[in-house]
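This report covers how the helices of one chain pack and where open space is left around them. The sequence and the model come first.

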Amino acid sequence: MLTGDENIIDMHFFVQWKIKDSYNYIFKTRDNMFDANTLRVTAESAMREVIGLVRINEAISEQRQDIEKQAKVILQKMLDRLS
């Protein structure tokens with residue numbers, strides 16, 4: 001991923017998620033398009049958005065928790081639009 005100061009960083013992360021409403025997940029997800037690939041691509045997009053705004057020093061320092069929180073908020077908004 002490219003950081004805000006145009007450095008390249010190789011990131012590894014995982015996404016742990018919980019289904020809030022199983023009925024809506026099973027029967028009302030738009031076009032039944034939500035699957036593991038959708039989650040992966042959406043999570044990568046959210047992480048790229050956040051990493052693109054920070055400097056490399058911030059990405060590898062204690063500010064990683066802030067990056068995690070920002071990515072979580074963005075990811076949730078993206079996934080809410082899919083449902």
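In this predicted model, residues of two helices meet across a shared contact. On the α2 side are Thr38, Leu39, Thr42, Ala43, Ser45, Ala46, Met47, Glu49, Val50 and Ile51. On the α4 side they face Ile67, Gln70, Ala71, Ile74, Leu75, Met78, Leu79 and Leu82. By class, this contact of α2 with α4 holds 13 nonpolar, 4 polar and 1 charged residues.

Two packed helices are described by the angle between their axes and the distance between the axes. Helix α2 spans residues 36-51 and helix α4 spans residues 64-82; they pack at about 135 degrees, with the axes 9 Å apart. The angle therefore makes α2 oblique to α4. The crossing of the pair is right-handed.

The chain as a whole has 4 helices and 0 strands, in the sequence pattern α-α-α-α. Along the principal axes, its C-alpha atoms fill a box of roughly 45 × 20 × 20 Å.

The largest pocket has a volume of about 1200 Å³. Its lining comprises 34 residues, and Val15, Gln16, Trp17, Lys72 and Leu75 lie nearest the centre of the pocket. Leu75 also belongs to the α4 side of the contact with α2. Which helices supply at least two residues each to the lining of the largest pocket? They are α1 (22-27), α2 and α4. Helix α4 gives the most, with 11 residues.

The table sets out the residue classes for the helix contact and for the pocket lining.

| Set of residues | Nonpolar | Polar | Charged |
|---|---|---|---|
| Contact of α2 with α4 | 13 residues | 4 residues | 1 residue |
| Lining of the largest pocket | 19 residues | 7 residues | 8 residues |

Terms used
Residues are numbered from 1 along each chain as its sequence is written. This is a predicted model: local features need pLDDT of at least 70, side-chain atom pairs count only at pLDDT 80 or more; totals for chains, interfaces and linings use all residues. Side-chain values use heavy atoms; hydrogens and water are left out. Axes are lines fitted to C-alpha atoms, for helices over the stretch in contact, and angles run from 0 to 180 degrees between N-to-C directions. Angles under 35 degrees count as roughly parallel, over 145 as roughly antiparallel, 65 to 115 as roughly perpendicular and the rest as oblique. A crossing is left-handed if the near helix is turned anticlockwise from the far one by less than a right angle, and right-handed if clockwise. Contact means heavy atoms within 4.5 Å. Ala, Val, Leu, Ile, Met, Phe, Trp, Tyr, Cys and Pro count as nonpolar, Asp, Glu, Lys and Arg as charged, and the others, Gly among them, as polar. On a 1 Å grid over the protein atoms alone, a cavity is a set of points where a 1.4 Å probe fits but cannot get out, and a pocket is an open set with protein on both sides within 12 Å along at least five of seven lines; lining residues have an atom within 4 Å of a point. Grid points are joined across faces, edges and corners, and a volume is the space filled by probe spheres set on the points.
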